[in-house]
Structure formats: structure tokens, C-alpha cells
Amino acid sequence: MLTTSIHEELSAFVAERDWAQFHTPENLAKSISIEAAELLELFQWAPDADEQQIQDELADVLTYAYLLAAKLGKTPDDIVRAKLAKTREKYPIEKSRGTSTKYDQL
């Protein structure tokens, strides 16, 4: 959930460095994927990873996700709520409770 203070802090951080010029939707989407891969890499050879490293990589993923949402003129809350509404339709409780089966095979 993006609070106003986090949004303002991220915007100021980017503005101070004049990095907005590099933050196209394409670049931000690629950055999300790259940082998500770095997060996954922490678990490459073991089920446990250093919690601080997990937190740092997750922060990178979230930061780029927040920046992409802002670039699209959306809030993360609105995007997640819209997707959650679609997912509720795909996975009705009576069919999906307690199972990880994909929606098209319920």
C-alpha cells in the first residue's frame, strides 16, 4: 500500500537525481523483472535466505512497481483492487477454497 508520504519521498528521490527521464514504462517494467530475479536468486540453492537481503530486494521490486503505477497515472491500491475483483470472478470461493488448481481447471 502506497502512502502519500512514500509517494512523495519516491518522487523527491527521483527528482533530485533527474532520473525521471529514464523511467519509461518499458524501463520500469524491465527493472521490476530484474529486481524480482535478484529476489528469487536469494533462494536459488536453499529454501532460506538472509532476511535483510530479502527485504532489500523486495524494496527494489516495490519501488519500481510504485514508480510504474505512478507513471501510468494509477495508484497501487486501485490497481490491486481492480485485479482482485477479476481474480475473485476467476476463483469463486466455493470452487477454489483449499486448492491451488488453476482457474480454468476448477
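# A walk along five helices

Start by selecting Lys 30: its place is in helix H2 (residues 25-41). Helices here (H or I, at least four residues) and strands (E, at least two) are DSSP runs, numbered from the N terminus. Colour Lys 30 by accessibility and you'll find it partly exposed, with a relative accessible area of 43%. The cut-offs: buried means under 20% relative accessible area, exposed means over 50%, and partly exposed is in between (1.4 Å probe, protein chains only). Now pick Glu 8 as well and draw a distance: the C-alpha atoms of Lys 30 and Glu 8 are separated by 23 Å, with the two residues 22 apart along the chain.

Before moving on, a word about what you have open. This is a predicted model, where local features need pLDDT of at least 70 and side-chain atom pairs count only at pLDDT 80 or more, while totals for chains, interfaces and linings use all residues. Residues are numbered from 1 along each chain as its sequence is written, and side-chain values use heavy atoms, with hydrogens and water left out.

**Zoom out: the whole chain**

Switch to cartoon view. How many helices and strands does the chain have? Five helices and zero strands, giving the pattern α-α-α-α-α as you read along the sequence.

Show just the C-alpha atoms next. Along the principal axes, they fill a box of roughly 50 × 35 × 25 Å. The chain has a radius of gyration of 17 Å, whereas a compact globule of 106 residues would have one near 13 Å. That radius is taken over C-alpha atoms, and the globule rule is 2.2 Å times the number of residues to the power 0.38.

Turn on the surface. The accessible surface comes to about 8,300 Å², and 55% of it belongs to carbon and sulfur atoms. These areas come from the Shrake-Rupley method with a 1.4 Å probe; for residues, only the protein chains shown count as cover. Buried residues make up 15% of the 106 residues.

Now colour the charges. There are 12 positive and 19 negative ones, and their mean positions are 14 Å apart. Lys and Arg count as positive and Asp and Glu as negative, while His and the chain ends are not counted. Each charge is placed at NZ of Lys, CZ of Arg, CG of Asp or CD of Glu.

**The loop between H1 and H2**

Select Asp 18, which is found in the loop between H1 and H2. Look at its backbone: phi is near 55 degrees, a positive value in a residue other than glycine. Most residues other than glycine have a negative phi. Asp 18 counts as partly exposed, at 48% relative accessibility.

Slide along to His 23, in the loop between helix H1 (4-17) and H2. Is His 23 buried or exposed? At 12% relative accessibility, His 23 counts as buried. Show what's around it: not counting residues up to four places away in sequence, His 23 touches Val 14, Leu 28, Leu 67 and Lys 71. A contact means heavy atoms within 4.5 Å.

Click on Thr 24, also found in the loop between H1 and H2. Thr 24 counts as partly exposed, at 32%. Add Leu 68 to your selection: Thr 24 and Leu 68 are 44 residues apart in sequence, yet 8.1 Å apart in space, C-alpha to C-alpha. For the chain as a whole, 51% of contacts between residues at least 6 apart in sequence join residues at least 24 apart.

**From H2 towards H3**

Go back to helix H2 and select Glu 38. Glu 38 is partly exposed, with a relative accessible area of 30%. Measure across to Ile 54, and the C-alpha atoms are 9.2 Å apart, with the two positions 16 residues apart in sequence numbering.

Keep Ile 54 selected and add Leu 42, found in the loop between H2 and helix H3 (51-71). The C-alpha atoms of Leu 42 and Ile 54, 12 residues apart along the chain, are separated by 7.2 Å. Leu 42 counts as partly exposed at 22%. Setting aside neighbours within four places in sequence, Leu 42 is in contact with Asp 48, Ala 49, Gln 53, Ile 54 and Glu 57.

**Last stop: H5**

Finish at Ser 96, in helix H5 (residues 93-96). Ser 96 is buried, with a relative accessible area of 15%. Beyond neighbours within four places in sequence, Ser 96 is in contact with Tyr 91 and Leu 106. Show Pro 92 too: the side chain of Ser 96 reaches the backbone oxygen of Pro 92 at 2.8 Å.

Note on methods: Polar contact = N/O pair within 3.5 Å; in protein donor to acceptor, adjacent residues only side chain to side chain.
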